[in-house]
Amino acid sequence: MELQFGEAKIKYASYPDGKCINFGKHRCMVRWDKKMREEQKSLSKSEKCKGRNLKCESFIGSSIFTPEFDEQYLLPPVESEILSLAIAEGDNVLIVGPAGAGKSSLVLQLASIFNWGVERFSCSDETTSSKIMGQWVVTGDHMDWVDGHITHAMRNGLILLEDEADFMRPELRGEVHSVMEQGGSVTLTGVHPKTNKIFRENLKKHPQFRWISTANTIGYGDDLFIFHGTQYLNAASRDRYEIIINMGYRPTSEEIEIVVHKTGVERSIATQMVRVANDCRDSIKDGMIFQFSLRRLLSWGKYHQKFPSEVACKLSVLNFTNETDRHTVKSLMRTHMNIETD
Ligand SMILES: Nc1ncnc2c1ncn2[C@@H]1O[C@H](COP(=O)(O)OP(=O)(O)OP(=O)(O)O)[C@@H](O)[C@H]1O
Ligand SMILES: [Mg+2]
């Protein structure tokens with residue numbers, strides 16, 4: 001499948017004639033070169049948006065909100081394709097998976113490739129209506145509206161990246177149901193405390209506004225009791241996502257590539273590290289609660305380059321485990337890497 005987002009063209013197969021960033025066999029992202037960008041600029045908007053297989057109405061061009069491109073990012077082929085399609089379609093997406101699996105970075109990196117601005121915020125039970133929707137502030141006899149995360153993204157045509165969506169209080173989520181609907185809008189009203197004058201604005205979604213949430217659970221509770229603080233998601237809230245993408249840790253070969261390229265450790269060491277991580281992940285069914293995330297692996301690789309191996313594995317891995325898990329992890333370190341720790 002090939003998708004085109006304004007200047008960015010993405011093809012999910014080998015791309016011999018394009019400028020392909022050579023990083024693993026799945027790296028198939030193509031960025032247009034400068035000349036193509038110039039040609040692109042002279043096209044009308046409808047021509048710009050013409051995709052091969054899809055009509056894409058969504059390109060807005062680069063902005064100060066466009067995330068940094070990570071040269072070492074390895075696009076997960078299946079998830080990238082699905083998310084790209086959903087973005088092109090304008091659908092709300094929930095990405096669910098364990099800690100440090102790459103959920104948020106997938107959104108940020110695709111947005112970067114598409115030159116699309118992102119408004120990112122993380123939910124907690126302290127998340128308030130004024131933080132996400134905004135608030136009226138009194139200035140003399142007037143009131144000015146100050147956007148929150150959602151209204152800012154709605155107004156400016158950004159991708160709203162709502163991280164830790166399962167931390168938001170369910171009743172607050174009810175407030176955003178209307179925004180998540182097709183053609184959704186919100187009415188922002190305020191009454192001046194002294195003059196009682198009413199201020200009102202009807203804010204419609206910019207056509208390029210997108211809603212993508214990430215979470216560790218799908219809001220049915222956390223069977224493993226690992227993700228404390230997560231809330232149950234109201235069924236109507238869950239139903240407002242067109243799709244849910246399940247994102248697990250990357251397959252072994254991809255994870256090794258990522259560790260090698262991001263930390264500079266030798267491939268043989270990265271392979272052993274990923275083996276330890278995978279065995280720890282398998283041990284979850286036997287009661288391990290430690291989540292060996294890609295984030296842990298990247299930290300381990302980095303500190304392995306700076307400190308003796310026993311010190312690095314303590315700093316980046318062992319110190320994150322409880323007493324019971326530490327015992328298992330230590331023995332895996334011994335088996336796979338010959339690392340002895342006290
Ligand atoms: N495909 C990838 N290629 C290179 N680096 C990656 C990839 N996926 C994730 N990473 C890196 O792994 C780390 C964790 O990724 P990220 O923060 O996206 O995870 P997450 O699933 O959102 O985690 P959490 O649930 O804790 O929010 C980041 O440093 C990110 O840059
Ligand atoms: Mg995240």
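Just after helix H6, Gly-157 takes a positive phi of about 70°, and I would like to begin there, with the reminder that what we have in front of us is a predicted model. Helix H6 itself covers residues 149-156, and among its residues His-149, Ile-150, Thr-151, Ala-153 and Met-154 are buried.

If we step back along the chain from that helix, we come to strand S7, residues 142-147, and here the picture changes: of its 6 residues the number buried is 0, so the strand lies largely in the open. Its partner is strand S6, residues 134-139, which runs antiparallel to S7 and is joined to it by 6 bridges. To give you one place to look for that pairing, Gly-134 stands opposite Asp-147 in S7. The two strands form a hairpin with 2 residues between them, and in that turn Gly-140 has a positive phi of about 65°.

Let me turn now to the ligand. Which residues are the closest to ligand 1? They are Ala-99, Gly-102, Lys-103, Ser-104 and Ser-105, and they belong to a set of 20 residues that surround the ligand. Helix H4, which covers 103-113, gives two or more residues to this shell, and so do H10 and H12. By character, the shell around ligand 1 divides into 8 nonpolar, 8 polar and 4 charged residues. Where does the ligand sit with respect to domain 2 and domain 3? Domain 2, at 77-246, and domain 3, at 252-337, both give residues to the shell, so ligand 1 lies between them.

That brings me to helix H11, residues 267-282. At 1.5 Å a residue, its 16 residues should span 22 Å, and because its end C-alpha atoms are indeed 22 Å apart, the expected span and the model agree. The buried residues of H11 are Ala-270, Gln-272, Met-273, Val-274, Val-276, Ala-277 and Cys-280. As for what they pack against, the buried residues of H11 meet helix H10 at 252-263, helix H12 at 294-304 and helix H14 at 323-337. Two of these, H10 and H12, are the helices I have just named for the shell around ligand 1.

Finally, a word on the chain as a whole, which contains 14 helices and 12 strands. Of its 342 residues, 37% are buried. If we take the contacts with a separation of 6 or more, 69% of them are accounted for by residues 24 or more positions apart.

Notes: Residues are numbered from 1 along each chain as its sequence is written. Chains are lettered from A and ligands numbered from 1 in the order in which they are written. This is a predicted model: local features need pLDDT of at least 70, side-chain atom pairs count only at pLDDT 80 or more; totals for chains, interfaces and linings use all residues. Helices (H or I, at least four residues) and strands (E, at least two) are DSSP runs, numbered from the N terminus. The expected span of a helix is 1.5 Å times one less than its number of residues. A residue is buried if 20 or more other C-beta atoms lie within 10 Å of its own, exposed if 12 or fewer, and partly exposed in between; C-beta atoms are placed from the backbone. Two residues are in contact if their C-beta atoms, placed from the backbone, lie within 7 Å. A residue is near a molecule or strand if its C-beta atom, placed from the backbone, lies within 6 Å of it. Ala, Val, Leu, Ile, Met, Phe, Trp, Tyr, Cys and Pro count as nonpolar, Asp, Glu, Lys and Arg as charged, and the others, Gly among them, as polar. Domain bounds come from an automatic or database domain assignment. Two strands pair if DSSP finds at least two bridges between them.
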